Amino acid sequence: MTFATLSTVSLITLAGISVGVVRTDAHQAKTGWTYPPACCKAHELGGDCAAIPAPDIIRGARGFSVHLHAGDHHLATRPHLFFIPYGDEIPSGDGQYHVCLHPTEDDVNCFFAPPDSS
């Protein structure tokens with residue numbers, strides 16, 4: 001086997017491994033669009049993203065008030081109130097509200113809102 005053949009085989013193997021890593025790190029909403037991996041922060045480490053009910057969201061003069069009730073997000077075990085300033089939201093890929101909690105249920109890592117909601 002020549003060096004060129006060995007290099008090609010190694011690159012193909014590395015590409016295959018990389019694709020596998022991306023797939024395991026990707027996390028999808030139930031509607032099928034993929035959350036950015038940085039938002040989930042590895043759900044096996046305690047963080048996760050999920051859709052939340054629209055009635056939990058109130059749009060105010062400076063941002064979104066998120067009244068998360070126990071059970072509205074599968075990591076929420078008690079009520080929470082989060083404030084997300086306008087401009088900090090990320091457009092959701094399905095027209096629903098989503099929140100990513102990490103590293104605990106007390107911390108919003110990413111907040112997704114329908115594109116026309118701010």
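**Exercise 1. Where in the chain is the place of Asp 56, and which residues is it in contact with beyond its sequence neighbours?**

The structure is a predicted model, and the solution starts with the position in the chain. Asp 56 belongs to the loop that runs between strand E3 (48-52) and strand E4 (57-59). The next step is to list its contacts: once neighbours within four places in sequence are set aside, Asp 56 is in contact with Ser 65, Val 66, His 67, Leu 68, His 69 and Asp 72. The last step concerns charge. Asp 56 is buried yet takes part in no salt bridge, and the nearest side chain of opposite charge, that of Arg 59, is 14 Å away. Since a salt bridge needs a side-chain nitrogen within 4 Å of a carboxyl oxygen, Arg 59 at 14 Å does not provide one.

**Exercise 2. Describe the open sheet that contains E4, and work out which strands stand at its edges.**

The order of the three strands is E4-E5-E6, and their pairing is antiparallel. E4 and E6 each have a single partner strand and stand at the edges, so one side of each is left without a neighbour in the sheet. Neighbouring strands here are turned against each other by 20° on average, direction ignored. Looking at one pair in detail, E4 and E5 are joined by three bridges, and Ile 57 stands opposite Val 66 in E5.

**Exercise 3. Trace the pairing of E8 with E3 and with E9, and state whether the residues of E8 are buried or exposed.**

On one hand, E8 pairs with E3 in the antiparallel sense over five bridges, and Ile 52 stands opposite Tyr 97 in E8. On the other hand, E8 pairs with E9, again in the antiparallel sense, over four bridges; Cys 100 has Cys 110 as its bridge partner in E9, and the two strands form a hairpin with six residues between them. As for burial, five of the five residues of E8 are buried. Tyr 97, Val 99 and Leu 101 point one way from the strand, whereas His 98 and Cys 100 point the other way.

**Exercise 4. Which residues of the largest nonpolar core touch the most other members, and which elements give two or more residues to this core?**

Among its 13 residues, those that touch the most other members are Ile 52, Ile 57, Phe 64, Val 66, Leu 68, Tyr 97 and Phe 111. Two or more residues come from each of strands E5 (63-68), E6 (80-85), E8 (97-101) and E9 (108-113). Apart from this core lies another, of nine residues, including Ala 29, Trp 33, Tyr 35 and Cys 49. Returning to Phe 111, its contacts beyond four places in sequence include Ile 52, Ile 57, Phe 64, Val 66 and Tyr 97.

How values were computed: Residues are numbered from 1 along each chain as its sequence is written. This is a predicted model: local features need pLDDT of at least 70, side-chain atom pairs count only at pLDDT 80 or more; totals for chains, interfaces and linings use all residues. Side-chain values use heavy atoms; hydrogens and water are left out. Buried means under 20% relative accessible area, exposed over 50%, partly exposed in between (1.4 Å probe, protein chains only). Lys and Arg count as positive and Asp and Glu as negative; His and the chain ends are not counted. Contact means heavy atoms within 4.5 Å. A nonpolar core is a set of buried Ala, Val, Leu, Ile, Met, Phe, Trp, Tyr and Cys residues joined through side-chain atoms within 4.5 Å. Two strands pair if DSSP finds at least two bridges between them. Axes are lines fitted to C-alpha atoms, for helices over the stretch in contact, and angles run from 0 to 180 degrees between N-to-C directions.
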